[in-house]
Amino acid sequence: MNYTSIVLIITGDKKVSSLIKTSLSDKSINVIFVDSIDKSQEILKKAQVSVVVLDLNPKWENQNKLLMDLKRYSPHSKLIVLSEQVSINPAMALNQTGAIKYLKKPFAIEDLKNIILKTAFHEYTSNIVDVELTDFLHVLSLSKKNKLLSVTNPSITNLMGLIYIEDGILTHSEYVNL
């Protein structure tokens, strides 16, 4: 099978691994499972990973290392975080981790599958020029849809911004040097 996207799943939970593996088995995605953050570093160095799903484990002390490795070795990978505990506002958690989605356990595996597929296959695409960004964001928020907006400024050629909108709410933004 020709794979078009690589998804890295980092979880120590065999049940989560099994559910994800089953739900994505018929898709053209190469799903790689690792059971520790240390093992994920080698994958991030070698493969062009589209999506990283991190199942937070309170026993793992080096979760910040993953975030640094992700930005260093695979800056265009999108992060989805799974967690049993929500101790802070999910929007704050998204902002702090750089994640585009934060799912609280238990969650419907179908929801996670849809998020992975939309993210892996970049289903949020369109090109618009000569429109005020704030006006465009306002229209997108009224649509109550999920979008990934890539923003460039012609006068700044080496910088691109990404804006993630979920259900019409801006959930995350970042910029990258090209």
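1. The side chains of E166 and K101 meet in a salt bridge, with an N to O distance of 2.3 Å. E166 belongs to strand β7 (residues 156-166) and K101 to strand β5, so this pair ties together parts of the chain that lie 65 residues apart in sequence. K101 has a relative accessible area of 15% and is therefore buried, since the limit for that class is under 20%. The reader should keep in mind that the model is predicted.

2. The overall plan of the chain may be considered next. The secondary structure comprises six helices and eight strands. Read from the N terminus on, the elements follow the order β-α-β-α-β-α-β-α-β-α-α-β-β-β. Of the 178 residues of the chain, 41% count as buried. The chain exposes about 10800 Å², and carbon and sulfur atoms supply 53% of that area. Among contacts between residues at least 6 apart in sequence, 55% join residues at least 24 apart.

3. The salt bridges deserve a fuller account. Side chains of opposite charge can pair when their charged atoms come close. How many salt bridges does a search of the whole structure find? The search finds seven. One of the salt bridges joins the side chains of K105 and D13, at 3.9 Å from N to O. This pair links distant parts of the chain, 92 residues apart: K105 is in the loop between β5 (101-104) and α5 (109-120), while D13 is in the loop between β1 (5-10) and α1 (14-23).

4. Are the two partners of that pair buried or exposed, or do they fall in between? K105 has a relative accessibility of 12% and counts as buried. D13, with a relative accessible area of 29%, is partly exposed. The pair also belongs to a wider arrangement, for D13, D55 and K105 are linked in a network of salt bridges.

5. K105 merits attention for its backbone too. A cis peptide bond joins K105 and P106, with omega at about -5°. P106 lies in the loop between β5 and α5, and K105 is placed in that loop as well.

6. V16, in helix α1, touches two members of the salt-bridge network. Setting aside residues up to four places away in sequence, V16 touches T11, D55, L82 and K105; of these, D55 and K105 are linked with D13 in the network. V16 and D55 are 39 residues apart along the chain, and their C-alpha atoms are separated by 8.6 Å. V16 has a relative accessible area of 9% and is buried.

7. A salt bridge within one helix offers a useful contrast. The side chains of R72 and D69 meet at 3.5 Å, N to O. Both residues lie in helix α3 (residues 63-73), where they are three residues apart, about one turn of the helix. D69 is buried, with a relative accessible area of 2%.

8. Helix α3 also packs against another helix. The axes of α2 (residues 37-46) and α3 come within 10 Å and cross at roughly 0°. Because angles under 35 degrees count as roughly parallel, α2 is roughly parallel to α3. On the α2 side, the residues that meet α3 are I37, D38, S40, Q41, L44 and K45; on the α3 side, they are Q63, K65, L66, D69, L70 and Y73. By class, this contact has five nonpolar, three polar and four charged residues. D69 thus appears in this contact and in the salt bridge with R72.

9. S40 is one of the α2 residues in that contact. Which residues does S40 contact, leaving aside its neighbours within four places in sequence? The contacts are L8, I10, V34 and L66. S40 is buried, with a relative accessible area of 0%. The C-alpha atoms of S40 and I9 are separated by 8.7 Å, although the two residues are 31 residues apart along the chain.

10. The final point concerns T4, in the segment before β1. T4 has a relative accessibility of 56% and counts as exposed. Apart from its neighbours within four places in sequence, T4 is in contact with S28 and F121. The C-alpha atoms of T4 and N30 are separated by 7.7 Å, with their positions 26 residues apart along the chain counted as the distance apart.

Definitions and conventions. Residues numbered from 1 in each chain as written. Predicted model: local features only at pLDDT ≥ 70, side-chain atom pairs only at ≥ 80, totals over all residues. Heavy atoms only, no water. Salt bridge = Lys/Arg side-chain N within 4 Å of Asp/Glu carboxyl O. Helix = DSSP H or I, 4+ residues; strand = E, 2+ residues; numbered from the N terminus. Buried < 20%, exposed > 50% of the residue type's maximum accessible area, 1.4 Å probe, protein only. Contact = heavy atoms within 4.5 Å. Areas by Shrake-Rupley, 256 points an atom, 1.4 Å probe, with all protein chains shown as cover. Axes fitted to C-alpha atoms, helices over the stretch in contact; angles between N-to-C directions. Parallel < 35°, antiparallel > 145°, perpendicular 65-115°, else oblique. Nonpolar A, V, L, I, M, F, W, Y, C, P; charged D, E, K, R; others polar.
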